[in-house]
Amino acid sequence: MTEGAWLVLRLLLWLLPGLLAFLCVRSFLAGRTRVALGLLAAALFAAFVVKPFPVGLGFLLVGGLAGLGGGRNARYARELEERIKTWRR
């Protein structure tokens, strides 16, 4: 395996926990709790498998925070707030 292929593979493995955490948060906010729990389990597993250890957890955290999103879109932020309020009832 060449150095470039190894680098691309490693980068994809580093990004996997972040992508799964992003999808987990988005599905949780959409009301798909079982899907979110499955994605969370996969994200945690991927974060613990990726070496070095803190990199996977860091990408997991960044992906989860990115999943909250809606920062500049005021309409989306209001809809998200309404969904969270109805979910807490």
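Select E81 first. In this predicted model, E81 has a relative accessibility of 45%. That value makes it partly exposed, because the partly exposed class runs between 20% and 50%.

Now add K85 to the selection. K85 comes out at 48% relative accessibility, so it too counts as partly exposed. Show the side chains of both residues. E81 and K85 form a salt bridge. Put a distance label on the closest N and O atoms: the gap is 3.4 Å. The cut-off for such a pair is 4 Å.

How many salt bridges does the count give? One.

Next, colour residues 74–88. This is helix α4, and it holds both E81 and K85. The two positions are four residues apart, about one turn of the helix.

Move to helix α2, residues 33–49, and pick A47. Is A47 buried or exposed? A47 is buried, because its relative accessible area is 0%, and buried means under 20%.

Keep A47 selected and bring up its surroundings. Leaving aside residues up to four places away in sequence, A47 touches P17, F53, G56, L57 and L60. Show these as sticks.

Then draw a line from A47 to L11, C-alpha to C-alpha. The line spans 13 Å. Along the chain, A47 and L11 are 36 residues apart.

Zoom out and switch to cartoon. The protein chain has four helices and zero strands. Follow it along the sequence and the pattern reads α-α-α-α. The radius of gyration is 15 Å, well over the 12 Å that the globule rule gives for 89 residues, so the chain is more spread out than a compact globule.

Orient the view along the principal axes. The C-alpha atoms fill a box of roughly 50 × 25 × 20 Å.

Turn on contacts for the whole chain. Take those with a separation of 6 or more: 62% of them join residues 24 or more positions apart.

Colour by burial next. What share of the 89 residues is buried? Buried residues make up 24%.

Now add the surface. The accessible area of the protein chain is about 6600 Å². Carbon and sulfur atoms account for 70% of it.

Finish with the charges. Select the positive side chains, 12 in number, and then the 4 negative ones. Mark the centre of each set. The two centres lie 5 Å apart. Return to E81 and K85 to close the tour: their salt bridge lies within helix α4.

Conventions
Residues are numbered from 1 along each chain as its sequence is written. This is a predicted model: local features need pLDDT of at least 70, side-chain atom pairs count only at pLDDT 80 or more; totals for chains, interfaces and linings use all residues. Side-chain values use heavy atoms; hydrogens and water are left out. A salt bridge is a side-chain nitrogen of Lys or Arg within 4 Å of a carboxyl oxygen of Asp or Glu. Buried means under 20% relative accessible area, exposed over 50%, partly exposed in between (1.4 Å probe, protein chains only). The radius of gyration is taken over C-alpha atoms; the globule rule is 2.2 Å times the number of residues to the power 0.38. Contact means heavy atoms within 4.5 Å. Accessible areas come from the Shrake-Rupley method with a 1.4 Å probe; for residues, only the protein chains shown count as cover. Lys and Arg count as positive and Asp and Glu as negative; His and the chain ends are not counted. The place of a charge is taken as NZ of Lys, CZ of Arg, CG of Asp or CD of Glu.
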